[in-house]
Amino acid sequence: MTKKAKAPWIGCPVRYAAGVFGDKWSFVILRDVLLHGKRYYGEFLASDEGIATNVLANRLQRLEDSEMLTRHIDQHKRSKVCYMPTPKSRALLPAFLGMMVWSAEHDECTEAPRSFIQAFRDNPKETVAWYEAEIDRVNLAVQSQIV
């Protein structure tokens, strides 16, 4: 009996998205980068979800390989590595925020403030712009440390 060849994870938009960030850990890392201003390995490791070091290293590499993050070595402390969001990952922000609103509306234990949900519903472009400005602010602060 021959095995059926697996479909490539390209072509279909859902397959492509699932291949890039379709596991819970990649999603959590992207949340931390895009929404919580985390950039360093230790910051990701300290997230409440308790990601294992080997899983974290693997997902960071996968996100780097898929051009969602870029990896930078801190010039002052060479053992310190920084991960910056790329334009490709930042383009995900509107959909990411939309999924957060959907989750908050359907998760009875949500930690998302109602004000966030209402702000996104009332003016999604302004909400996305606020997060974009925060990403820029964090990036500038981090870049001044790694150069």
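Is F27 buried, exposed or partly exposed? I looked it up in the model, which is a predicted one. F27 has 27% relative accessibility and so counts as partly exposed, since the partly exposed class lies between 20% and 50%.

**Entry 1: the chain as a whole**

I listed the elements of the protein chain and found 8 helices and 2 strands. Read from the N terminus, their order is α-α-α-α-β-β-α-α-α-α. I then took the extent of the C-alpha trace along its principal axes, which is about 60 × 45 × 30 Å. The protein chain has 147 residues, and 35% of them are buried. I also looked at contacts with a separation of 6 or more, and 52% of these are between residues 24 or more positions apart.

**Entry 2: aromatic pairs**

I searched the whole structure for aromatic pairs and got 5. One of them joins F27 and F96, with ring centres 5.4 Å apart. Their planes stand at 35 degrees, so I noted the pair as tilted, because that class covers angles that are neither under 30 degrees nor over 60. F27 belongs to helix α2 and F96 to helix α6, so this pair ties together parts that are 69 residues apart in sequence. How does F96 compare with its partner: is F96 buried or exposed? F96 has a relative accessible area of 3% and is buried.

I went on to F116 and Y131, which also form an aromatic pair. Their ring centres are 6.4 Å apart and the angle between the planes is 85 degrees, an edge-to-face arrangement. F116 sits in helix α7 (residues 114-122) and Y131 in helix α8 (residues 124-146). The two residues are 15 apart, and I noted that the pair links distant parts of the chain. F116 counts as buried at 10% relative accessibility. Y131 counts as buried too, at 13%.

Which residues do ring pairs link into a cluster? I found F116, F120, W130 and Y131 in it.

**Entry 3: a charge over a ring**

I checked Y40 and found the charged end of K80 over its ring. The distance from that charged end to the ring centre is 4.6 Å.

**Entry 4: the largest pocket**

How much space lies in the largest pocket? I read off about 720 Å³. The lining of this pocket has 23 residues, and those closest to the centre are R31, H36, M100, E111 and A112. I sorted the lining by residue type and got 12 nonpolar, 3 polar and 8 charged. Helices α2 (24-34) and α6 (93-106) each supply at least two residues of the lining. I had already met these two helices in Entry 2, where F27 of α2 pairs with F96 of α6.

**Entry 5: the cavity**

I searched the whole structure for cavities of 30 Å³ or more and found 1. The volume of the largest cavity is about 50 Å³. Which residues line the largest cavity? I wrote down W25, V28, I29, D32, F44, S47, E49 and I51. The largest share of this lining comes from α2, with 4 residues. By type, the lining holds 5 nonpolar residues, 1 polar and 2 charged.

**Entry 6: looking back at α2**

Helix α2 came up in several of my searches. It holds F27 of the tilted pair, supplies at least two residues to the lining of the largest pocket, and gives 4 residues to the lining of the largest cavity.

Note on methods. Residues are numbered from 1 along each chain as its sequence is written. This is a predicted model: local features need pLDDT of at least 70, side-chain atom pairs count only at pLDDT 80 or more; totals for chains, interfaces and linings use all residues. Side-chain values use heavy atoms; hydrogens and water are left out. On a 1 Å grid over the protein atoms alone, a cavity is a set of points where a 1.4 Å probe fits but cannot get out, and a pocket is an open set with protein on both sides within 12 Å along at least five of seven lines; lining residues have an atom within 4 Å of a point. Grid points are joined across faces, edges and corners, and a volume is the space filled by probe spheres set on the points. Ala, Val, Leu, Ile, Met, Phe, Trp, Tyr, Cys and Pro count as nonpolar, Asp, Glu, Lys and Arg as charged, and the others, Gly among them, as polar. Rings of Phe, Tyr and Trp (its six-membered ring) pair if their centres lie within 6.5 Å; planes under 30 degrees apart count as stacked, over 60 as edge-to-face and the rest as tilted. Buried means under 20% relative accessible area, exposed over 50%, partly exposed in between (1.4 Å probe, protein chains only). A charge sits over a ring if NZ of Lys or CZ of Arg is within 6 Å of the ring centre and within 35 degrees of the ring normal. Contact means heavy atoms within 4.5 Å.
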